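Okay, thanks everyone for making time. I want to walk you through some cysteines and one helix, so let's put the structure up.

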Amino acid sequence: MNKTALAALGAATLLSACSTPSSQSEDRAARASDRTPPPRAAAAIPFPSTYRRYPGVVTAITGATVYDGEGGRIENGTVVLADGKVQAVGGPETAIPDGATRIDGAGRWVTPGVIDIHSHLGDYPSPSVEAHQDGNEVTGPVRSEVWAEHSIWPQDPGFARALANGGVTSLHVLPGSANLFGGRGVTLKNVYARTMQGMKFPGAPHSLKMACGENPKRVYGGRNQMPASRMANVALMRQTWIRAQEYDRKWDKYDRDGGEQPGRDLQLETLRGVLDGQITVQNHCYRADEMANIIDMSKEFGYKVSAFHHGAEAYKIADLLRENGICGALWADWWGFKMEAYDGINENIPLVHNAGACAIVHSDDPNGIQRLNQEASKALTYGRRAGINISDEVAWTWLSFNPAKALGISDRTGSLRPGKMADVVLWNGNPLSVYTRPERVWIDGALMYDANDPRRRPVSDFELGQPGEGDVK
Amino acid sequence: MKRLLILAAALCASTSAAAQTVAITGGTVALGDGSDPIEGGTVVIRNGRIAAAGRGVAVPAGAQVVDATGKWVTPGIFAGFSRVGLAEVDAVGNANDVQAENSPFSAAIDVAPAVNPRAAAISISRANGVTRALVAPATGKSIFAGQGAIIDLGADMQPITQARAFQFVEFGETGSNEAGGSRAATFVLFRNALREARDLGRFSQGISGGGGQREPRANDQRDLPLEEVPGPGPNQQLLGGNVNRGQDVLLTRFDAAALVPVLTGRQLLLVHVERASDILQVLGLKREFPNLRMVLVGATEGWTVADQIRAAGVPVIANALVNLPASFEQLAATQSNFGRMRAAGINVAMGTINEDETRMVQVTRQNAGNLVALTRVPGASGLSWGEALAAITSRPAEVMGLGGEIGSLRPGRRADVVVWSGDPLETTSTAQVVIIDGVQQPLDTRQTKLRDRYRDLSEPNLPPAYDPR
């Protein structure tokens, strides 16, 4: 008892530091912008990132078609990478530094790296054996205290596939959707490391995974526990937010007035982070009517939903998404696997985009993450068939800038702007064609995949000594 | 033969669309037999069958002409392994007939009566150019899942092309679970089942298979219309009470009778197996049961034992893109599996095995396109464009012994034809005209209706529920 109390006190001291508005890491101070939450809590967040970019060389890709990730397109474009950053993007007149490694991009495309906002790589890794089922803490519907990063196995072979076939440079790993409050999600750089901390995207905000609809009520209703219905989903979420508000008030008062430090509660700490705008909300929700309920609930408690994930019916309320500044993180053509996905349509993404809302192509799948560019292409194609004309370069915002925005990292990555992280893919053709694959992938300016160099093809520990070790996958 | 006629503008002059002669002209025509596409080709359909296809084919007098200039024309997609039509919503138990965990039967189960031609997945797949599908049951509590069918995806109430086309059995990890917990138990369960079938079959003249001479293949009558092929259904004689089986049996009489055609080689046996060592063990079963006509399903590690598979003359239905070691029986998984097996001379068809196969068979053509992409990845093995199309059209038909009937645009085949907006293996193309058995099909679905209802979210006069449909 005493020991526990002591440990709690130590941790609480840490938290008080991280709750002090003036405590800012240099990282965060330098990078903060109006797109990211204020840096108040950054400095002392435990399990800090130890990711460091790997060495790169000054590189100039010339003669390529460039999608800048924010909707721009340059033909015969030049992209210069140096010191881990995008240094220049422009036409053939762009200055190339002396000594730069030149890559002929003729007939090729250059884009920002793909960002998957919904992945379970690492917390549901391959092989998919019982011992690896670490994505859902199915012991209670409110589990905001758990962090997906503590489940991540950095040797998941799926990271390599997402890199080599999908051009994925960053990904957001979420807890599953069994619970109303599933826990915190974490953004990773898609670079193998010995530890999770070695993959963690420096300074990226955590998310809170929430879920509405069938999953929570099925899991707990099946045990004769609350929630067993959609109305109980909402009731239990609201009751929890009421507790979170009380907790937030207590800590706000302490931060302001001092006095006796309130007790620390990991579950409510996460929710306080949401109420304070430190933690984004990534909300699993399929049906239009339920998304509307969630939006109203977020207004009741004064927080913002960053993105609805899966949103099979997002197209029915695309105007609500636009008005509330909420992204739809969606599949191109999945539908019908369960009741709340029955009305999924192939035009969901282009309809959401066309309504002026923020559309994102997500995977939620270790195979889908390898082909997000093709998913975008299908969505674009179905949209065009329905008369919604969106250009290829604008569609690329679904794959990089929009997910970066919804994750609070768009000031650092997600588009080819000078000064941003050099997270870049050189494709061997039009990346919206099924026939195209990544030729090279840079992460923070380091060449982490090269189709022509087997030594630039990562092999996870798990695959060593196994049949097919080091094979093209 | 299709009786329900769905008439479209291009074809509506006739009293019977299936009897109508139609010429699809000016398109890039791919026959589906592995050959390269032909620019400016013509496809002629007469009496529900392909009369001619290729360059320089004359348009018959009086034919309805469909102008496909700038478009692509191919055989309809054949989903080489699916469960389409067996579930409306997967997670809604009452609307899902994929497996029967509580049934007392296994091998005797026949999926044909469960196929719902009005399932949303049928219309959605059809609108995406899928015209035929292999439909397999899934195992419940035996390694034998039961008998699968070949279906068409036409908008009518006669979906079955061939019922009881095959028996489906699980080996490997799934089989091991069904058999009680080990691979060894799977093999003894399988051998016992076939021996029970043989013992039961002894009471019926001409049934053997557990050793001795090979039987002629009874359903090799490929010139007959499929409906008239004598199906390998249960032998009524074997189901009679006059055949005494004794007490020492594990299978129900109905299940044992259902395995007699497997034992004799009258019915194909589709074996789901992934690990290389399991593949070799399964191929070895032919030594004990020489009349087995097996098809390997899955075979993720097939490329590592490709020579043995080819030597056994056993075809494979494989997924295109499995490349994760999702289980310990798929450690060698690579997208190059398909191409490497094909290069080794194995007849490989593409399926969607445990890949949302109740409703996502539309992605089959995207998967095929990905195998073409591999031809440009150093060290990888892919397929030529023609072979990739064949993998989702003629190869599945050939594997099922139906190559003379469906799967290509060669003369005499059933007229399953799709006109695409562009290259059908591209994610940028859509199906624009879908013809099954010579009948042009509707392409509207629940999805297109939902799209049209919510295209415009303003509600000036009435709620969306009143939108014209």
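I'll go through the disulfides, then a helix in chain A.

Just so we're clear, this is a predicted model. So, how many disulfides does a search of the whole structure find? Over all chains, the search comes back with 2.

Here's one of them: Cys212(A) is bonded to Cys285(A), with an S to S distance of 2.0 Å. In terms of sequence, the partners are 73 residues apart and tie together distant parts of the chain: Cys212(A) sits in the loop between β9 and α4 of chain A, while Cys285(A) belongs to strand β10. For the torsion people, the S-S bond of Cys212(A) and Cys285(A) comes out at about 105 degrees, so this disulfide is right-handed. And buried or exposed, for Cys212(A) and Cys285(A)? Both are buried.

Now the other pair. Cys327(A) and Cys358(A) are joined with their sulfur atoms 2.1 Å apart. This one also links distant parts of the chain, going from strand β12 (residues 327-330) to strand β13 (residues 358-361), with the cysteines 31 residues apart. The torsion about the S-S bond of Cys327(A) and Cys358(A) is about 90 degrees, so that makes it right-handed. Cys327(A) and Cys358(A) are both buried too.

If you number the bonded cysteines of chain A in sequence order, you get 1-2, 3-4 as the pairing.

Okay, on to helix α4 of chain A, residues 214-221. Its buried residues are Glu214(A), Asn215(A), Pro216(A), Val219(A) and Tyr220(A). What covers them? The cover includes β9 (207-211), α5 (230-257) and β10 (280-285) of chain A. And β10, remember, is the strand that holds Cys285(A).

Notes
Residues numbered from 1 in each chain as written. Chains lettered and ligands numbered in written order. Predicted model: local features only at pLDDT ≥ 70, side-chain atom pairs only at ≥ 80, totals over all residues. Heavy atoms only, no water. Buried < 20%, exposed > 50% of the residue type's maximum accessible area, 1.4 Å probe, protein only. Helix = DSSP H or I, 4+ residues; strand = E, 2+ residues; numbered from the N terminus. Contact = heavy atoms within 4.5 Å. Disulfide = S-S within 2.5 Å.
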